[in-house]
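This report introduces a structure to a reader who has not met it before.

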Amino acid sequence: MRKWAVVIILGSAQFVMVLDGTVMNVSISTVVKDLHTSVAAMQAAITFYTLTMAAFMLLGAKLGDVWGRRRAFVIGSIVYAAGSLTTALAPNIAVLFLGWSVVEGLGAVLVIPAIAALIADNYDGHDRVTAYAVIGAVSGAAVAAGPLIGGFVTTYLDWRYVFVSEVLIMAVVVACARFVTDTTGRRAASIDVWSVVLSASGLVLVVYGMLQSKTWGWIAPLQPPVIAGTTIAPLGISPTAWLILLGGILLWGFLRRQSRLVQRGRLPLVHVDVFSIRRLRSGLSVLGAQYAVTAGLFFMVPVYLQMTLGLDPLSTGLKVFPLSIALILSSILGSALSRRWSPRRIVRIGQLVLVVSAVVLLSSITTDLRSWVFGVGMFLSGAALGLLASQLGNVNMSSVDETRTSEVGGLQGVLQNLGSSLGTALIGSILIGALATSFAGGVAGSDLPSSVRSEVSDRTQGGVAIVPASSVPEIATTAGLSTQDADELATIYRDAQVSSLRVAFFGLIAITVVSLLFSRDLPTDVPGAPGASARARPRPRPRRTGA
């Protein structure tokens, strides 16, 4: 048991990091009422939390090398706990924004890369595979359990207790951190400021552009921002496209600067040559795709359960719970299978099961929930994600030597952010676009009076908002429709939601199928088999010498 004390400590911190965001998502309405703020302000706080981690994840990883990984882990945990306490005591949205979006985010960028690197420092061989499987299972379980925990605490206690419990857990983590070994030690070096500026600004622009795509549109502007009466859509193109393009240029400049720093003998924020390692490139790509699918799934499921069917947060959490159970069990199974099967085989089985689960979930989407089919789909999704989680951490971290595990941990954090943002953006865009099309078609083909059809068409030209289907009759009668017409419009809207969710689930299937291409360069050796360790890490490239 003592051997696994380290992974229990690090896993506890990982659980808190992941749980935090999912709890806030299901508590929005309660927090809005408690702090006398708006949904838009809360969504801005959630977005800024993501942006903080995206901006400084690579810096946090490098600070782990400079300060020492365990020290960075402890400092980050203390900062995170301070942010959680500030959030728990927040009297208004400004204090919550500071505590949650800023302080917690800055703590997380130190903790997340350090967890990945410290696992590599404390475990070898199959124990390392198992440890990374545990961390992956903890992350997935936190994502799935977040709505259940958040729904229960918000419904029966107070949302603030979630953040108080985070403070207590992180206090225990800090107290037990002395049991975690840091074999790499500190590395005396200065951090290049321009590298931080380029990476942070580039990632912020890309991630923010993705997150806003549901509102602004990807290329053609849908509802672009208006500043001082001026619509921001340069040359008739959505700001999303411009932000992602500018962010991509800045990240290209960042990579160029890293190469120049190495040529000058200075320490880069990231060694660019790690991207030439095929197994690492493949592992990071599959990881990003996994988080895209997970984020897309957890965007759609609450829409279906809460907006279409009208379930409360606690009931939603219970419906999602089979995913948590399956994820934990399959992570254990994946760790055991790694003694006989290669990472690529296990990952590809997980990807195929994920495709099957999406098809099963697609078949369960009706106006009246097919509970057992939905439960099977969620269980299969959890099983698939657990198999992926059991392999990818070890594949990525074992692709480099101990001196670069912090860098790879930071890259994993970046890919998790990018994948989650892309998954939410893509699935959200598909869902909202399909909802507008389906609803417009339903209204046009309905028996509603022509005047009503015309008015609905005019009011929804800019898109259709996702609202609870049960609230549509009230919205319609407030707008002047008769009770009969309002009820018919509500039926049309509910059917449109179901139809758009099916389209979005098909999009999720497509993303999962495409991700199969990313796994082709994953290791085909069985970890721990003779010769496997020798093939695990790439040989350093020979230095060029002048003639």
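The text below treats a helix pair, the nonpolar cores and two loop residues.

The model is predicted: local features need pLDDT of at least 70, side-chain atom pairs count only at pLDDT 80 or more, and totals for chains, interfaces and linings use all residues. Residues are numbered from 1 along each chain as its sequence is written, and side-chain values use heavy atoms, with hydrogens and water left out.

Helix 4 (residues 69-88) packs against helix 5 (residues 93-122) at an angle of about 155 degrees, and their axes are 7 Å apart. Helix 4 and helix 5 are therefore roughly antiparallel (an angle over 145 degrees). By class, their contact has 18 nonpolar, eight polar and four charged residues.

In the largest nonpolar core (buried nonpolar residues, under 20% relative accessible area, joined through side-chain atoms within 4.5 Å) there are 112 residues, of which F73 and L96 touch the most other members. Helix 10 (residues 278-308) gives the largest share of this core, 14 residues. Beyond its neighbours within four places in sequence, L96 is in contact (heavy atoms within 4.5 Å) with residues including M24, V31, T87 and W159. A second, separate core of 17 residues includes V456 and Y493.

Two residues that are not glycines have a positive phi. Both are exposed (over 50% relative accessible area).

| Residue | Phi | Loop between | Relative accessibility |
|---|---|---|---|
| A228 | about 55 degrees | strand 1 (226-227) and strand 2 (230-231) | 82% |
| L235 | about 60 degrees | strand 2 and helix 9 (239-263) | 78% |

Helices (H or I, at least four residues) and strands (E, at least two) are DSSP runs, numbered from the N terminus.

Definitions and conventions: Axes fitted to C-alpha atoms, helices over the stretch in contact; angles between N-to-C directions. Parallel < 35°, antiparallel > 145°, perpendicular 65-115°, else oblique. Nonpolar A, V, L, I, M, F, W, Y, C, P; charged D, E, K, R; others polar. Buried < 20%, exposed > 50% of the residue type's maximum accessible area, 1.4 Å probe, protein only.
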